[in-house]
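Here is a short tour for anyone who likes to look at side chains up close. Have the viewer open and follow along.

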Amino acid sequence: MENSKLKKYLSNDEVFKAINKHFITLKDEEVERINVYLQQVIETLIERMKMKDSLFKKVYSKIIFCGSFYKGTKVEKPNEFDLNIILNLPMKYCYVNFYSTMPSFVQINVDHPLMYCIPKYENLTTNEKRSFEKLISHGNLNPNKFRHWIEGVIDKVIYELPKPNKLLIERGFYSYEVNIKIKKSGPAFTIILNLPCNIEEIHIDLAPALVFNIYMIEKYTTRFDELKNCRNKEWFAIPVPITNTNYCGGIDDHWRLSFSLQENEILRKCGSVKPVIRQMKKLRNVQNWKCIASYYIETLFLHKYKELDDLHTIPLTLFFFIMLKELYHACKQHEIKYFWNEKYNLLGKISEVEMSNITYRLNNIIKYTEKYIMKDSFILAKYILYPIELQVLQEKLNSTIENENEENANSIAVYLDFASQLINLLKAVFR
């Protein structure tokens, strides 16, 4: 099909908007309820962590809510969250040095003679100083030790609850209990909650994080000009284990660079991007492409938004199809470049076989869409939705069309009746 004709049929957003309304957009009342409960649970958990570990109490700063839910790109249900525990360490941050042997990760060196000449460090007890020193290996802050430390504190809270796996939340004159447990899978650490009036479990990835100014790592990002133009000037160091086998040796003390605040800021500037990201994630879920992380999809859009000047006017369905092709090319090349350092490939750890299967499937979806979009306005919906959802969507839209046709027919009948009465009146006047 010619590009002009294809664009014409991809410019109708009726199906796209219906999918978004009925199967993707989170319900406001559910989001608000989850937010309230989640805030109360996390506040209670943090207070108990402070009671179990005095060093944690002294270095704890705040909680940063991040991930798809807080970016506005979450699909289907609010049941997964990423939270960073921000720690303010007892040291002079101006003496911190960064080094790196791989893109998007850094070592944090704190081996300076004046690093701890501050009251905050001197006010630590002997045991607290000893605990803090255990988090340092060969002059570098060790991400694995930080992660294990926080996990250990949470373990103490969970295993020493008055009632097994029951966290008591007290707020003013009312209180309630939340079922809470921990799930560990290799290096991953997830808190699982059962909130009141909530059937499904809530999964929370809770990680310690350190905050630094963006000007401290200028040479470790290939997009510093973009970064410094953002309103927020803080980045996070996250202790995520490195699983990319392309790099080996000397990387177990590297922290991952995170610019989630800046990514949120960019996505807010182009509101039309978010619904398309959500439908792309929905497609990923339905097609069962588990290796394509949500962050990979969001990164693909971060790259593309810079290229499209007409982003605010382009039809959403057409934009979705453009990004479908972008995902196809990325999978075919086995590469999505990390937005903040293009030397790092987000798809690097996915196997060739898995990548090839997804590429083949994407190619078929694109070809079938181009072939049948003129005859079948639901062609993309067949890949974005599960069969039962597609059936519901078709029934809803067909019912709407029938009602509109009936209303139009009634309007025409009323108009013809009025016209007939007017003609008869004129005949009577001029008889």
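## Salt bridges between separate parts

E177 and K163 form a salt bridge, with their closest N and O atoms 3.1 Å apart. This pair links distant parts of the chain: E177 sits in strand β8 (residues 174-185), while K163 belongs to the loop between α8 and β7, 14 residues apart. E177 is partly exposed at 35% relative accessible area, and K163 is also classed as partly exposed, at 44%. Please keep in mind that this is a predicted model.

Another bridge joins K52 to E160, where the closest N and O atoms are 2.6 Å apart. K52 is in helix α3 and E160 is in the loop between α8 (143-159) and β7 (166-171), so this bridge ties together parts that lie 108 residues apart in sequence. K52 is partly exposed, with a relative accessible area of 33%; E160 is partly exposed as well, with 47%.

## A bridge within one helix, and a network

Helix α8 holds a bridge of its own: E151 and R147 both lie there, four residues apart, or about one turn of the helix. Their closest N and O atoms are 3.9 Å apart, which still makes a salt bridge because the cut-off is 4 Å. Are these two residues buried or exposed? E151 is buried, with a relative accessible area of 9%, and R147 is buried too, with 10%.

Across the whole structure, a search finds 17 salt bridges. Through shared partners, salt bridges join K71, E263, K281 and E298 into one network.

## D53, a charge without a bridge

Which side chain of opposite charge is nearest to D53? It is K156, at 5.0 Å, and D53 has no salt bridge although it is buried. The distance to K156 is 5.0 Å, so the pair does not meet the 4 Å limit for a salt bridge.

D53 is placed in the loop between α3 (28-52) and α4 (54-59). A polar atom of the D53 side chain lies 2.8 Å from the backbone nitrogen of F56. Beyond its neighbours within four places in sequence, D53 is in contact with W149 and V153.

## W235 and its surroundings

W235 belongs to strand β11 (residues 234-238). The residue counts as buried because its relative accessible area is 0%. Its side chain reaches the backbone oxygen of N213 at 3.1 Å.

Setting aside neighbours within four places in sequence, the contacts of W235 include F98, V106, L210, F212, I214, I217, L257 and F259. V211 is another contact of W235; the two are 24 residues apart in sequence, yet their C-alpha atoms are 5.8 Å apart in space.

## The nonpolar cores

In soluble globular proteins, nonpolar side chains tend to be buried together. Which residues touch the most other members of the largest nonpolar core? They are I108 and I292, in a core of 132 residues. Helix α13 (residues 316-333) supplies the largest share of this core, with 11 residues. There is also a second, separate core of six residues, with I64, I86, F236 and I238 among them.

Back at I108, contacts outside four places in sequence include V96, N97, F98, G139, N140, L141, A237 and W255. L210 and F212 are also in contact with I108, and both of these residues are in contact with W235.

Key. Residues numbered from 1 in each chain as written. Predicted model: local features only at pLDDT ≥ 70, side-chain atom pairs only at ≥ 80, totals over all residues. Heavy atoms only, no water. Helix = DSSP H or I, 4+ residues; strand = E, 2+ residues; numbered from the N terminus. Buried < 20%, exposed > 50% of the residue type's maximum accessible area, 1.4 Å probe, protein only. Lys, Arg positive; Asp, Glu negative; His and termini not counted. Polar contact = N/O pair within 3.5 Å; in protein donor to acceptor, adjacent residues only side chain to side chain. Contact = heavy atoms within 4.5 Å. Core = buried A, V, L, I, M, F, W, Y, C linked by side-chain atoms within 4.5 Å.
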